[in-house]
Amino acid sequence: MTAPLTVVTVGAGYFAGFHVDGWARNPDTALVGLADLDTGKAGRLLADKLGPGHSVRIDADTGALLAAVRPDIIDIAAPPPAHLALIRQALDTGARAIICQKPFCGSRAEARAAVRLIRASGKLVVVHENFRFQPWYRTIRDEIAAGRVGELYQVGFRLRPGDGQGPEAYLSRQPYFQKMPRFLIHETAVHWIDTFRFLMGEPDSVFADLRRLNPAIAGEDAGLLLFRYADGRRAVFDGNRLVDHAAANTRFTMGECLVEGSAGVMALDGDGTLRFRPAGGRDWQRIGSGYPTDGFGGDSVFALQKHVSDHLL
């Protein structure tokens, strides 16, 4: 049976592999095209994720590919400097939805220009912010709503992937990281900016103290970010890409999270295990674990994509 929704992904870099894998496993979508200036790289990605004999069309010209296959969903997985032009191009098609990877565009000015174009078009454009789809944050949100920690005081996350040391940092996976003029917040902490919003709502004010530790990169790679709420709640992001944490895969959760309230504390470790300790107690109760290890971050890319396809259907 033919899947009801067709998809074209733009970009064939490291993270685009998770996009391709997710669309291929979604029973409601069919990946029909992959655009990248390097068609050889696109071919290798498809062969790795889909195997030989796939029917996905490859093209270096995104416009030509979109015109030829007319997809229902256009999935932009290219780096931020390409976003505005690709969004403009995608808005001129008959696609029902456009998904654009984070960080959204290369600058605030470009992001605002993109938003103006999107609003004028009336089309659905989704920022691919997949961390709020990680299953442990879904569990944490449900537990907060159910009153597990009582009155919520603070949510804190310690980013410790341990992948940012030395002159070769990031080169094997996402080499453009080294050249981003603003790195920690724009590329990485934006995940927890969105996750804090998902868990706690919009903050009243924000404070950041950032620094660069690795001289091989252009932007900041360590620092603190504080969200302040009028009712006294706080969210704290403590990020350092050079230091690791105890986990079989330090990129699974990327670090450790504490959710603190009047009735107790929830703690997420680097292996994706979520525990609760009631106020005054010494023993931890496991409340969440066994999350998917396929894909990225508890299969959060697939979950975001399925959310979009479910919405369209």
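Biologist: What makes S7 and S10 count as a pair of strands, and how do they run?

Modeller: In this predicted model, six bridges join S7 to S10, and the two run parallel. Two strands pair if at least two bridges lie between them, so S7 and S10 qualify. Within S7's partner, Ala235 in S10 stands opposite Val155.

Biologist: Which sheet do they belong to, and in what order do its strands come?

Modeller: Eight strands form an open sheet, ordered S8-S9-S10-S7-S11-S12-S13-S14, with mixed pairing.

Biologist: Why are strand S8 (205-211) and strand S14 (285-288) called edge strands?

Modeller: Each of these pairs on one side only, so the name edge strand fits S8 and S14. From one strand to the next, the twist averages 15 degrees.

Biologist: What packs on the sheet, and which strands are touched?

Modeller: Helix H6 does, touching S7, S11, S12, S13 and S14. The direction of H6 makes about 170 degrees with that of S12. Angles run from 0 to 180 degrees between N-to-C directions, so a value of about 170 degrees means that H6 and S12 point in nearly opposite directions.

Biologist: Which residues of the largest nonpolar core touch the most other members?

Modeller: Of its 35 residues, those are Tyr137, Ile140, Phe157, Trp192, Phe237 and Val259. Helix H7 (184-200) is one of the elements that give two or more residues to this core, and H7 gives the most, with seven residues.

Biologist: What does Val259 contact, leaving aside its neighbours within four places in sequence?

Modeller: Its contacts include Ile140, Ile144, Val155 and Met266. They have heavy atoms within 4.5 Å of Val259, so they count as contacts.

How values were computed: Residues are numbered from 1 along each chain as its sequence is written. This is a predicted model: local features need pLDDT of at least 70, side-chain atom pairs count only at pLDDT 80 or more; totals for chains, interfaces and linings use all residues. Side-chain values use heavy atoms; hydrogens and water are left out. A nonpolar core is a set of buried Ala, Val, Leu, Ile, Met, Phe, Trp, Tyr and Cys residues joined through side-chain atoms within 4.5 Å. Buried means under 20% relative accessible area, exposed over 50%, partly exposed in between (1.4 Å probe, protein chains only). Helices (H or I, at least four residues) and strands (E, at least two) are DSSP runs, numbered from the N terminus.
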